[in-house]
Number of protein chains: 2
Amino acid sequence: MPLPRADAEEYASWFRALADATRIQIVSLLARRRAPMSVGEIVAASGVGQSTVSHHLKILAEVRFVLVERQGTSSLYRINENCVSCFPTAADVVMGNPVPSAPTCE
Amino acid sequence: MPLPRADAEEYASWFRALADATRIQIVSLLARRRAPMSVGEIVAASGVGQSTVSHHLKILAEVRFVLVERQGTSSLYRINENCVSCFPTAADVVMGNPVPSAPTCE
DNA sequence: TTCATTTATCGAATATCGTCGATTTACGAT
DNA sequence: ATCGTAAATCGACGATATTCGATAAATGAA
């Protein structure tokens, strides 16, 4: 009768991706410049360590919130507009709308 | 130039409230029955310990996602429709829309 | 007041998370 | 092949979070 645990976990993993201030700053950074950014640029703009940025980018990429493309020696990250628009809302949660699993939304 | 840290923290605290599977189950439970539920009912329906449920309800109440009302010896919790609708979307985040602070939205 | 019931809080164990410095890997240039 | 740069991974540490059992606080009934 309650929301199945698996669905709840799926929802939670979405929200967890945006549950950290540094990740939100990175996401908003990538969204303002519409152009892809290298890790180095993000490090410079965000003011946290390189390994930390890399770690957060990995988490964001796992839910397809950002997309990566290697260009030579650097990795270019950009926002995934598709994933932004299919990110579940609070209303989706309380209504029990079908959970868009991350890989599905692009 | 980047999103101010304070705004990022505010956003993050919103998403953190729904970043746990148990809390999502509780929220969806309260939303399905439109009527208020006692802690005991939520405990029975969710299958986790009483102190755990009480803890999660406190977190959800702090962001005004649920509302409490003591009725005799029991506490009745219900979903806060206002807070559901003003919960930030991913689009809000990437666009840097003004952050609705929890106490503001009812 | 005393008792029973319901909920909140406390204390502790465990797990997860965020961050950093150091190292490793990947890649291009020399 | 060697070097240099950029990014990913590793290992560790402290901070937070989740969960539980036990206890305390609140409330109504006897």
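In the predicted model, the buried residues of helix 2 of chain B are B:Ala21, B:Thr22, B:Arg23, B:Ile24, B:Gln25, B:Ile26, B:Val27, B:Ser28, B:Leu29, B:Leu30 and B:Ala31. Helix 2 of chain B is thus described as mostly covered, with eleven of its twelve residues buried. The buried set takes in the charged residue B:Arg23, and B:Ile24, B:Ile26, B:Val27, B:Leu29 and B:Leu30 are also among its members. The helix comprises residues 21–32, and its length was compared with the span expected at 1.5 Å a residue. The expected value is 16 Å, and the end C-alpha atoms of helix 2 of chain B lie 16 Å apart, so the two agree.

The relation between the two chains was examined by superposition. Chain B is brought onto chain A by a rotation of 180° with 0.0 Å of shift along the axis, at an RMSD of 0.1 Å. This is therefore the relation of a two-fold axis. The same surface serves both copies, in that 100% of the contact residues of chain B recur in chain A.

The secondary structure of chain A consists of six helices and three strands. Read from the N terminus, these elements follow the order α-α-β-α-α-β-β-α-α. The C-alpha atoms of chain A occupy a box of roughly 50 × 25 × 20 Å along the principal axes. Chain A has 106 residues, of which 45% count as buried. Among the contacts in chain A with a separation of 6 or more, 58% are accounted for by residues 24 or more positions apart.

The surface and charge of chain A were also computed. Chain A exposes about 5100 Å², and carbon and sulfur atoms supply 51% of this area. Chain A carries 10 positive and 10 negative charges, and the mean positions of these two groups are 6 Å apart.

At the level of a single residue, A:Ser75 is located in strand 3 of chain A, which covers residues 74–79. The relative accessibility of A:Ser75 is 14%; because buried means under 20%, A:Ser75 counts as buried. When neighbours within four places in sequence are left aside, A:Ser75 is in contact with A:Met37, A:Ser38 and A:Val39, and also with A:Val68, A:Glu69 and A:Arg70.

Key. Residues numbered from 1 in each chain as written. Chains lettered and ligands numbered in written order. Predicted model: local features only at pLDDT ≥ 70, side-chain atom pairs only at ≥ 80, totals over all residues. Heavy atoms only, no water. Helix = DSSP H or I, 4+ residues; strand = E, 2+ residues; numbered from the N terminus. Buried < 20%, exposed > 50% of the residue type's maximum accessible area, 1.4 Å probe, protein only. Contact = heavy atoms within 4.5 Å. Areas by Shrake-Rupley, 256 points an atom, 1.4 Å probe, with all protein chains shown as cover. Charge placed at Lys NZ, Arg CZ, Asp CG, Glu CD. Least-squares fit on C-alpha atoms with pLDDT ≥ 70 in both. Expected span 1.5 Å × (residues − 1).
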